[in-house]
Amino acid sequence: MGSDRPPVTADRVFYSAAASFAELVAKIPAGAWDGPGLGEWDLRALVGHTSRSLTTVSAYLGTTARREDLRDPQEYYVFARQFATQAGGAAVLERGRQAGRDLGPDPVAAVEALAAQVRRDLDGADDRLIEVIGGQGIRLSNYLPTRTFELAVHGLDIARAVGLDHALPRDVLAAAVRLAADTAVTLGDGETLLMALTGRAPLPASFSVV
């Protein structure tokens, strides 16, 4: 893309997550799409919301940020929590539903096409500053891990909603767990998480890093 910056290094795990997501969607029974997904989303909306982790990468590659507001994936999630609170849950719900509708009559083929498209868009991309939600600037290499995280977590949501046996790739699962832990530390909840992971105390009710 005409820059001296090195190629993105987080793309391999993101590609693995995108391929795993497409494989999972291909397993969804035809009659399950209108069934339960997550919370107020039906399955189509949940898959649509998850597919935004592909479409936003493609879309944001067409932007250029003036400054680096978010310096790592953890800072992205801290900002995203605040942004979602200000925007309201209804806006998030509707974006997911619209993304589900956008998958059209053949959502399996649509997701496969989106996964292939984002890989083409990322091919040869340098580690540029892109503009994401709220107009925030972040390096591509710091944004991609957040999309891997979303594909991993919502991939598990989808599999559980449909009752499918679907194991995440080891590299994807490891990256998602690391980011969750790093985000907990950034939010000031690192000790709470560490005590839970070592069997010393349960996590508080509704504990979440996102």
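**Figure 1. Thr148 in helix α6 of the predicted model.** Thr148 is placed in helix α6, in a model that is predicted. With a relative accessibility of 3%, Thr148 counts as buried, because the term applies under 20% relative accessible area. Neighbours within four places in sequence being set aside, Thr148 is in contact with Val13, Phe14, Ala17, Val172 and Ala175. One of these partners, Phe14, is taken up again in the next view.

**Figure 2. Phe14 and the largest nonpolar core.** The largest nonpolar core holds 54 residues, of which Phe14, Val47 and Leu122 touch the most other members. Helices α1, α2, α3 (73-87), α5 (107-122), α6 (140-162) and α7 (170-186) each contribute at least two residues to this core. The largest share, 9 residues, is supplied by α1. Residues up to four places away in sequence not being counted, Phe14 touches Ser53, Leu54, Val57, Val118, Leu122, Leu144, Arg147, Thr148 and Leu151.

**Figure 3. Leu122 in helix α5.** Leu122, found in helix α5, is one of the three residues that touch the most other members of the largest nonpolar core. Leu122 has a relative accessible area of 3% and is therefore buried. Residues up to four places away in sequence again not being counted, Leu122 touches Phe14, Tyr15, Val57, Leu61, Leu140 and Leu144. Among these partners, Leu140 is 18 residues from Leu122 along the chain, and the two C-alpha atoms are separated by 9.8 Å.

**Figure 4. Packing of helix α1 against helix α2.** Two packed helices are described by the angle between their axes and the distance between the axes. Helix α1 (residues 11-26) and helix α2 (residues 43-60) pack at about 145°, and their axes are 11 Å apart. The crossing in which α1 passes α2 is left-handed. From α1, the contact is made by Phe14, Ala18, Phe21 and Val25, and from α2 by Val47, Thr50, Ser51, Ser53, Leu54 and Val57. Sorted by class, the contact of α1 with α2 comprises 7 nonpolar and 3 polar residues, with no charged residues.

**Figure 5. His166 between helices α6 and α7.** His166 is placed in the loop between α6 and α7. The relative accessible area of His166 is 11%, so this loop residue is buried. Its neighbours within four places in sequence left aside, His166 is in contact with Ser20, Leu24, Lys27 and Ala159. His166 and Leu24 are 142 residues apart along the chain, while their C-alpha atoms are separated by 6.9 Å.

**Figure 6. Ala91 and Glu94 in helix α4.** Helix α4 spans residues 89-102 and includes Glu94; Ala91 lies in this helix as well. Ala91 has a relative accessible area of 28% and is therefore partly exposed. Glu94 is also partly exposed, with a relative accessible area of 35%. Both values fall between the limits of 20% for buried and 50% for exposed, which is why the intermediate term is used. The C-alpha atoms of Ala91 and Gly104 are separated by 21 Å, with these positions 13 residues apart along the chain counted as their separation. Glu94 and Tyr60 are 34 residues apart in sequence, and their C-alpha atoms are 20 Å apart in space.

**Figure 7. Ser206 in the segment after helix α8.** Ser206 is placed in the segment after α8 (190-197). Most residues other than glycine have a negative phi. Ser206 is not a glycine, yet its phi is positive, at about 65°. At 75% relative accessibility, Ser206 lies over the 50% limit and therefore counts as exposed.

**Figure 8. The region annotated as a domain.** The unreviewed UniProt entry places the feature "domain: Mycothiol-dependent maleylpyruvate isomerase metal-binding" at residues 17-159. Over residues 17-159, the chain is 65% helix and 8% strand. The C-alpha atoms at the two ends of this stretch are 14 Å apart.

Note on methods: Residues numbered from 1 in each chain as written. Predicted model: local features only at pLDDT ≥ 70, side-chain atom pairs only at ≥ 80, totals over all residues. Heavy atoms only, no water. Axes fitted to C-alpha atoms, helices over the stretch in contact; angles between N-to-C directions. Helix = DSSP H or I, 4+ residues; strand = E, 2+ residues; numbered from the N terminus. Left-handed = near helix turned anticlockwise from the far one by under 90°. Contact = heavy atoms within 4.5 Å. Nonpolar A, V, L, I, M, F, W, Y, C, P; charged D, E, K, R; others polar. Buried < 20%, exposed > 50% of the residue type's maximum accessible area, 1.4 Å probe, protein only. UniProt positions renumbered as here; feature names shortened; annotations may be inferred. Core = buried A, V, L, I, M, F, W, Y, C linked by side-chain atoms within 4.5 Å.
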